[in-house]
Amino acid sequence: MFDSSLNPQQRAEDLSRLAKEHFDVLVIGGGINGVGVALDAVTRGLTVALVEGNDFASGTSSRSSKLIHGGLRYLEQYDFKLVREALHERELLVSSLAPHLVKPVAFLYPLHEKVKERTYVGAGLALYDALRGFKRALPGHKHLSQKTISEIAPSLRTDVVTGAIRYFDAQVDDARHTMMIARTAKRHGAAIITHAKVDSLIKKGKRVTGAVVADLDSKKKINVKASTVIMCAGVWSDQLHKSFGIEPGYEVKMSKGVHITLPGNAIKADEGIIIKTAVSVLFIIPWKDQWMIGTTDTEYLGDPNEPLADRSDVQYIIEQANRVLSPRISTEQVIGVFAGLRPLVANKKDVDTTKLSREHTVDRPVPGFVSLAGGKYTTYRVMAKDAVDMATNDITKLTNESVTSKLPIIGADGYWALTQQVDALAARYNLKSETLVHLLNRYGSDISDLLELISEDRKLATPVSRDLPYLKAEIVYSVMSEGAQTVADVMERRTRIWFEAPNFGLDLAQSIADLIAPHLKWKAPQKKASIAEYVKLVECAKESAANLTKI
Ligand SMILES: Cc1cc2nc3c(=O)[nH]c(=O)nc-3n(C[C@H](O)[C@H](O)[C@H](O)COP(=O)(O)OP(=O)(O)OC[C@H]3O[C@@H](n4cnc5c(N)ncnc54)[C@H](O)[C@@H]3O)c2cc1C
């Protein structure tokens, strides 16, 4: 309790808790929904264990568009309830729950003619603003002329863009946010174990009474006893239902979405851009000093474990962006690429994936087992609450109400005060102000842990590479306190080197391994194996996106 650190020692302690305790709730899956459920349940006073087969957010939750948004396009589908709920969550996250991680971002909606489209889109955005309710952390929309647009976004084609409307949403580093929620759940007493997989369920008659967990490190199996098991397995839901012998009330269709990253100078614009496509929307999103563009939306029938972008995905994104951009962007400028799978809850077979519901489903097919699937990243907190509410049917002790709407996640407490002390802190620790801002936006008030590491060993204040903002201290901290256990965990999710550095940052794998090895007590073979695992992931991704120059 009270310590939020995730590391090898904590993992060993929590594994032994798994074998000994009877938990009120056992959560399967450490994506945003699983960690959200763990936090909701443990802060209601329940005993909780969470088991993740790989790393936090290693599934869909590290591969989203990273927008905390109401979903402008759901307005067109008249899904006002979903939009209102998501906008409410956006306000909470930006203003109080995670202001260090969730930041406002402005988007331009380019218009192609002067009257009809402006009226239609303007009305939609006015409704979008109105659905925020009375809490308003972000500014409202604003109509802009072609002249203003050419100043704000010189890269928007003046031959096709006649003006624009600016509106606000928010963005987040999804993998980091998911891990920080897991740490918050840890702080409140949850047992949290990654790289351990639920193999099967334990049943008494029809009732589920626990699960068999395989520790992927020791290869040992542990019988875990729980009043209720809550499965948050995203695109793995169908396959787990099947192996558990459970007949669910829904099935999950997979839809692949790809993003690419480009250097900052590829597009001249001060704000993001959203354009409508035939099937969905395309976002051109400012991402640190780069651009992230996506996404595609295509049915996916392959292996959920490693979705990959192919050349046609990348070409589609570039073609769509070039409908409004000049100079045109090209495949030669692409720095990185990533692909994710949307878990879409489907009630009927053979439905076009873009038309499937983005709403979530909570199912309790047998006593002692609840599953949660679908929805959006943005509304994870509401979904988690719904799942725990449903699970209370199987928990005999009195369960309190959810408190997560008033529970800032770790690092949020004191964040606003620290933003006003940047220069003083930078001077005290002999860092650049921009480095301090970078750290504040990743750790919030837990920046003190990083500053302590740097004070103890000044070498850790240098970046891992000249072109990346990450300090060596951050790499060390990721295994000391953030639960990273492999080179891939660090490269893909604790940092975003995977898509921010050319060639997937392959040349940094060795130095990252050198930094983390002593803290993970690795000998040479383990270090080599972890680097080799990353190299293999990179080779598969490169082969799939063949012939893109930089990646
Ligand atoms: C391209 C794309 C863009 C998106 N953009 C946005 C956006 O901008 N905003 C937004 O709000 N939403 C967005 N979404 C939706 C959002 O990302 C997802 O709804 C959300 O991440 C799903 O989270 P999850 O926890 O359900 O699934 P996941 O993150 O996939 O988590 C499931 C976890 O279960 C684990 N697991 C599976 N089997 C086992 C087992 N046997 N034992 C233990 N663990 C197991 C997996 O390893 C995985 O980590 C986007 C989705 C995609 C694909």
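What percentage of the 551 residues of the protein count as buried? The answer is 60%. Keep in mind while you click around that this is a predicted model.

**Stop 1: the whole chain**

Start zoomed out, with the cartoon on. You should be looking at 19 helices and 18 strands. The radius of gyration is 23 Å, close to the 24 Å that the globule rule gives for 551 residues, so the protein is as compact as a globular protein of that length. If you line the view up with the principal axes, the C-alpha atoms fill a box of roughly 70 × 55 × 45 Å.

**Stop 2: helix H7**

Now select residues 174–187, which make up helix H7. Is this helix mostly covered or mostly open? Mostly covered: 13 of its 14 residues are buried. Try the distance tool on its end C-alpha atoms, which are 20 Å apart; at 1.5 Å a residue, the 14 residues of H7 should span 20 Å, so the two agree. Just past the helix, pick Gly189, which follows H7 and has a positive phi, near 115°.

**Stop 3: a salt bridge from H7**

Stay with H7 and show the side chains of Arg183 and Asp446. They form a salt bridge, with the closest N and O atoms 4.0 Å apart. Arg183 lies in H7 while Asp446 sits in the loop between helix H13 (433–443) and helix H14 (447–456), so the pair ties together parts that are 263 residues apart in sequence. Arg183 is buried, because its relative accessible area of 2% is under the 20% cut-off. Asp446 counts as buried too, at 17%.

**Stop 4: another long-range pair**

Next, select Glu500 and Lys288. This salt bridge brings its closest N and O atoms to 2.8 Å. Here again distant parts of the chain are linked: Glu500 belongs to helix H17 (residues 497–500), and Lys288 to the loop between strand E13 (281–287) and strand E14 (290–294), 212 residues away. Glu500 is buried, at 5% relative accessibility, whereas Lys288 is partly exposed, at 47%.

**Stop 5: a pair with an exposed partner**

Where would you find a salt bridge with an exposed partner? Go to Asp159, which counts as exposed at 58% relative accessibility. Its partner is Arg157, and the closest N and O atoms are 2.9 Å apart. Arg157 is partly exposed, at 22%.

**Stop 6: a network**

For something with more than two members, show Asp55, Asp489, Glu492, Arg493 and Arg494 together: they are linked in a network of salt bridges. In general, side chains of opposite charge can pair when their charged atoms come close. The count for the model comes to 35 salt bridges, so there is plenty left to explore.

**Stop 7: the cysteines**

How many disulfides should you expect to find? The count is zero. Two cysteines to look at are Cys232, which is buried at 7% relative accessible area, and Cys540, which is partly exposed at 35%.

**Stop 8: a nonpolar patch**

Finish with the surface switched on and color Tyr78, Phe80 and Leu127. Together they make a nonpolar surface patch of about 320 Å². Phe80 lies in helix H4 (residues 80–97) and counts as partly exposed, at 33% relative accessibility.

Methods
Residues are numbered from 1 along each chain as its sequence is written. This is a predicted model: local features need pLDDT of at least 70, side-chain atom pairs count only at pLDDT 80 or more; totals for chains, interfaces and linings use all residues. Side-chain values use heavy atoms; hydrogens and water are left out. Buried means under 20% relative accessible area, exposed over 50%, partly exposed in between (1.4 Å probe, protein chains only). Helices (H or I, at least four residues) and strands (E, at least two) are DSSP runs, numbered from the N terminus. A disulfide is a pair of cysteine sulfur atoms within 2.5 Å. Patches are made of residues with over 30% relative accessible area and no salt bridge: like charges are joined within 9 Å, nonpolar side chains (Val, Leu, Ile, Met, Phe, Trp, Tyr) within 5 Å. Accessible areas come from the Shrake-Rupley method with a 1.4 Å probe; for residues, only the protein chains shown count as cover. The expected span of a helix is 1.5 Å times one less than its number of residues. The radius of gyration is taken over C-alpha atoms; the globule rule is 2.2 Å times the number of residues to the power 0.38.
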